[in-house]
Amino acid sequence: MTCAVRESGGGWWCAGVRWPGEVPELGWSRGGRRRVSVLAYGAGLGFRAVGERHCVGARGNVCPLGAAVPGRSTGGRCAECARLDRAHSVAADTMADDPRTYRVYLAWFGPGLVKVGITGEERGAARLREQGAVAFSWLGRGPLMAARRTEEVLRAALGVPDRIPYARKRIERGHLPGADERAAEVAELYARAAALEGRGWPESLERLPLEVVDQVGIFGLGRAPEAEAESGPVPLPVSAPVRAVRELVDGGVVAGRLVAAAGPDLHLAVTGGGVVVLDTRLITGWDLAAESGSDVRVPLIDIGGGGVQGGLF
């Protein structure tokens, strides 16, 4: 499998990883056209960045300025398009009359790393997969403002955040405890949240029963990956990835064997051993050409916050 096919007269721009179901997809756009590439663990995936990165626009619209954006930006939008996109999101609290039903969830990303959030009920668990939640449980369902009020109550009463820096999630994902421990921490938070009924819990929010959903298998995190060597794929020890792509550059190549995916991250086993993490938010807005093989020729950074490295090692 290749990441993109560059056509004459311009290429396809990657829209990042999507999780409409339990299998990740890469979204693509070219003008007003859209398509997806279904990803498969164990398959090859590779591309070469071409030219300059440009703003991906907002709410399905092309950026009117065709603005260039920095390579390290995970948003992939210019300031004006970022403002427009934010203004029409649920998080902006500008949709108080939204008639849809929303769900409140409790998400677990690692030991002690939990958050509360909301998502449209019609989206199911897609939002949890997009965030890379290793385990989660629904807490309640109801109108948007009741769901939002529940978030506020849990933040104030239990100190549960509604946002977690993605770098933290990536670090913790490499050192996961067993499934029982993951489920127990979600259940403990659920019990504390449920105890707030009658003490600030909105009456219009229906509490849902505890049902911990573990997504390690969906993400491919529970199996040993393989690396590419000259003699072919070889087993790797089960260990956390230690390097991540910092940014793309013109002519930069990222290619390897897909071994896992969580949220926007793709885990690629590469030549020489080891797994490199690619945050697909960094590839939006680039014109990408297909590459085969197993190679990484872009700036990398240590996942644990260490120094920046040029190339693979």
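What share of the contacts in the chain between residues at least 6 apart in sequence join residues at least 24 apart? In this predicted model, the share is 68%. The chain comprises six helices and 19 strands, and 49% of its 313 residues count as buried. One pair that illustrates such separation along the chain is Leu45 and Gly293: they lie 248 residues apart, yet their C-alpha atoms are separated by 8.4 Å. Leu45 belongs to strand E4 and is buried, its relative accessible area being 2%.

## Nonpolar cores

The largest nonpolar core contains 30 residues, and Val245, Leu248, Val254 and Leu288 have the most contacts inside it. At least two residues of this core come from each of strands E1 (13-18), E2 (25-30), E4 (44-50), E13 (253-262), E14 (265-269) and E15 (275-279), and from helix H6 (216-219). Strand E13 provides the largest share, four residues. A second, separate core has 26 residues, among them Val104, Leu106, Ala147 and Ala193.

The surroundings of Leu248 can be described residue by residue. With residues up to four places away in sequence left out, Leu248 touches Phe47, Ala49, Gly71, Val254, Leu282, Ile283, Trp286, Leu288 and Val298. Val254 and Leu288, both in this list, are also named among the residues with the most contacts inside the largest core.

## Helix H3

Helix H3 covers residues 144-158. Its 15 residues should span 21 Å at 1.5 Å a residue, and the end C-alpha atoms are 21 Å apart, so the expected and modelled spans agree. The buried residues of H3 are Leu144, Ala146, Ala147, Arg148, Thr150, Glu151, Val153, Leu154 and Leu158; Ala147 is also one of the residues of the second core. These buried residues pack against strands E5, E6 and E7 (135-142) and against helix H5 (179-194). After H3 comes Gly159, which has a positive phi, near 70°.

## Charged side chains

Side chains of opposite charge can pair when their charged atoms come close. The model has 25 salt bridges. Three of them are listed below with their N to O distances.

| Positive partner | Negative partner | N to O distance |
|---|---|---|
| Arg100 | Glu122 | 3.3 Å |
| Arg155 | Asp162 | 3.2 Å |
| Arg297 | Asp295 | 2.6 Å |

The salt bridge between Arg100 and Glu122 links distant parts of the chain, its partners being 22 residues apart. Arg100 is in the loop between helix H1 (79-87) and strand E5 (102-110), while Glu122 is in the loop between strand E6 (113-120) and helix H2 (126-131). Arg100 is partly exposed, with a relative accessible area of 36%, whereas Glu122 is exposed, at 54%.

Arg155, which pairs with Asp162, is partly exposed at 32% relative accessible area. In the pair formed by Arg297 and Asp295, both partners fall in the partly exposed class: Arg297 has a relative accessibility of 47%, and Asp295 has a relative accessible area of 30%. Elsewhere, salt bridges with shared partners join Arg170, Arg173, Asp265, Asp279 and Arg281 into one network.

Is Arg129, a residue without a salt bridge, buried or exposed? Arg129, which is located in helix H2, is buried. The nearest side chain of opposite charge belongs to Glu22, 5.1 Å away; a salt bridge requires nitrogen and carboxyl oxygen within 4 Å, so this pair does not qualify. Beyond its neighbours within four places in sequence, Arg129 is in contact with Trp19, Pro20, Gly21, Glu22, Gln215, Ile218, Phe219, Ala262 and Gly263. Glu22 is thus listed both as a contact of Arg129 and as its nearest side chain of opposite charge.

## Cysteines

How many disulfides does the structure hold? The count is zero. For Cys63, the closest cysteine sulfur is that of Cys55, at 3.8 Å, which is too far for a bond, because a disulfide needs sulfur atoms within 2.5 Å. Cys63 is buried, with a relative accessible area of 6%. Cys14 is likewise buried, at 1% relative accessibility.

Methods
Residues are numbered from 1 along each chain as its sequence is written. This is a predicted model: local features need pLDDT of at least 70, side-chain atom pairs count only at pLDDT 80 or more; totals for chains, interfaces and linings use all residues. Side-chain values use heavy atoms; hydrogens and water are left out. Buried means under 20% relative accessible area, exposed over 50%, partly exposed in between (1.4 Å probe, protein chains only). Lys and Arg count as positive and Asp and Glu as negative; His and the chain ends are not counted. Contact means heavy atoms within 4.5 Å. A nonpolar core is a set of buried Ala, Val, Leu, Ile, Met, Phe, Trp, Tyr and Cys residues joined through side-chain atoms within 4.5 Å. The expected span of a helix is 1.5 Å times one less than its number of residues.
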